[in-house]
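Colleague: I have a model open and would like your eye on one part of it. Could you walk me through it slowly, with some context for the rest of the chain?

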Amino acid sequence: IWFPLLLHQHLFFVEALNLVHTWKASKGSILTAAIVQPLREHQQPILVTGGHAGDGRISCWKLSNNSLEGNKKETVQEIQVGSGARIHDGSIFSMASCISTHQNINYLVSGSFDRSAAIHRVDVGTSSHAVTVQTIGRLPEHTGWVRHVEAVEEKSLSPEADDERTAGTSISLLSIGCNLINTWSVLEDGEVARMARLDAGPSPNDPPEEIFRRHDILTFAILGDNDGNSKAKWIVAGLVDGSIRVFVAKFEKWMRRRQNSPYDATGSCDCPTTTTATSIAFDHQDEQDMVEHVLEDEKPFLSTNCHAGRITKIHCIQGFPDDFVSTSFDGTWVRWRIDAEMKSLSKLVEGSISKAGEQTNEGRICSSTIVTENTCNDRQN
């Protein structure tokens, strides 16, 4: 395991790690996991796992003594999940958790091989011995496997929007389908509304005559919202061909569309829409005048080639809303900074876990995470 020090120009290798606990969590492959954080005092965080096993079912786990301090006697217990344990009709590819501070509710978002994404309300018993999972909305008809999902709470709605925030959720959901990122939300009656769709489009070196050529999005991250207080600023996507797309995050604008979604059930939005400008939140509103406009998918703010192999993860960096880290199957990682004025990416730090010129299975980055020093408030350390 390599630990790049992202704020400096070098790598350091950790020779030994303290394994706290390991256990057999499934009879099949585990493809994704998410942590549901406690809402009440004395509750424990819950680990949710999903994958090929269980035909679309999830498993929930907790530590017996709520400790991660290396207690070797510590055991991991599976928690009883109600009838909502089966949340998809196929294997589960991705999950993410989110707390609605407005509603004080835990949500779990999931994406599946069945080409759907879903949002679930998660209730943990006071003794953490039982978990209830209730599916409150599902977005079908993705163009492919849902490889990645994320959730963002919209904190910037105006005070007069309080009624709308309690009607359904104030959560924006994002889910991948091939070369598209769908942005959607849940209304009061459980109906889902697709608010926007982000189209990765062609890569910079694609032949111009191949107008239908597309590359799948494998992962993405939302920048600018990771301190819990600021607005989301960018959505950065990593593609199978090693390229990156940066989209401008417009969650406040997109959220206003949810009562009058311009998309049909399949995600199509290429038909003219006649409505008031304010009802679908165009960039230029003209005092409720009726306008006819062809709504198009969101296009990237910038698109650039970055890695020789497919991008396996995009990481945001707390305290740096314009910076992110990309890791690749080619064994390299890079810290980038978005220059909005120049519409470009600046490479700040880069590294590789492979030796020069070496391409082996051992030198590939398949999975990665960002580890922060919780005891250090100085972000330069």
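Colleague: To set the scene, what share of the 381 residues in the protein do buried residues make up? After that, please take a close look at the open sheet S11-S12-S13-S14.

Modeller: Buried residues make up 46% of the 381. Keep in mind that this is a predicted model. Its average pLDDT is 77, and 69% of the residues reach at least 70. Two stretches deserve caution: residues 7–11 have a pLDDT below 50, with 15 contacts in the model beyond near neighbours in sequence. Residues 284–293 are also below 50, and for that stretch the model has 24 such contacts.

As for the overall make-up, the protein has 24 strands and two helices. Among contacts with a separation of 6 or more, 53% join residues 24 or more positions apart. The protein exposes about 19,600 Å², and carbon and sulfur atoms supply 48% of that area.

Now to your sheet. Four strands line up in the order S11-S12-S13-S14, with antiparallel pairing. S11 (149–153) and S14 (192–199) are the edge strands; each has a single partner strand, so one side of each lacks a neighbour in the sheet. From one strand to the next, the twist averages 25°. At the S11 end, S11 pairs with S12 (residues 171–177) through five bridges, again antiparallel. If you want a spot to click on, Ala151 has Leu173 in S12 as its bridge partner.

Next, go to Asn182, which sits in strand S13 (residues 180–186). Is it buried or exposed? Asn182 has a relative accessible area of 3%, so it counts as buried. Its side chain makes a polar contact of 2.4 Å with the side chain of Arg194. Leaving out residues up to four places away in sequence, Asn182 also touches a set of others, including Leu139, His142, Leu173, Leu174, Ser175 and Gly177. Arg194, Ala196 and Arg197 are on that list too.

Leu173 is a handy way out of the sheet. It is touched by Asn182, and Ile119 touches it as well. Ile119 belongs to strand S9 (residues 117–124). With 0% relative accessibility, Ile119 counts as buried. Besides Leu173, the partners of Ile119 include Trp184 and Val186, again not counting residues up to four places away in sequence. Tyr107, Leu108 and Val109 are among its other contacts, as are Gln134, Thr135, Ile136 and Gly137. For Gly137, 18 residues along the chain from Ile119, the C-alpha separation is 5.4 Å.

While you are around S9, check Arg115 in the loop between strand S8 (105–112) and S9. Arg115 is not a glycine, yet its phi is positive, about 70°. Its relative accessible area of 37% makes it partly exposed.

For a second sheet to set beside yours, try S21-S22-S23-S24, an open sheet of four strands with antiparallel pairing. The edges here are S21 (311–317) and S24 (344–352), each with a single partner strand, so one side of each has no neighbour in the sheet. Neighbouring strands are turned by 25° against each other on average, direction ignored. S21 pairs with S22 (residues 320–328) in the antiparallel sense over six bridges, and Ile314 stands opposite Ser326 in S22. This sheet has an odd phi nearby in sequence as well: Lys343, in the loop between strand S23 (332–339) and S24. Lys343 has a positive phi of about 50° without being a glycine. At 52% relative accessibility, Lys343 counts as exposed.

One last stop is strand S4 (residues 46–51). Five of its six residues are buried, so S4 is largely enclosed by the rest of the structure. Strand S3 (residues 30–36) pairs with S4 in the antiparallel sense over six bridges, with Thr32 opposite Gly50 in S4.

Back in your sheet, then, I would start from Asn182, buried at 3%, and follow its 2.4 Å polar contact to Arg194. From there, move to Leu173, bridge partner of Ala151, and on to Ile119, which touches Leu173.

Technical notes: Residues numbered from 1 in each chain as written. Predicted model: local features only at pLDDT ≥ 70, side-chain atom pairs only at ≥ 80, totals over all residues. Heavy atoms only, no water. pLDDT = per-residue confidence, 0-100. Contact = heavy atoms within 4.5 Å. Buried < 20%, exposed > 50% of the residue type's maximum accessible area, 1.4 Å probe, protein only. Pairing = 2+ DSSP bridges. Axes fitted to C-alpha atoms, helices over the stretch in contact; angles between N-to-C directions. Polar contact = N/O pair within 3.5 Å; in protein donor to acceptor, adjacent residues only side chain to side chain. Areas by Shrake-Rupley, 256 points an atom, 1.4 Å probe, with all protein chains shown as cover.
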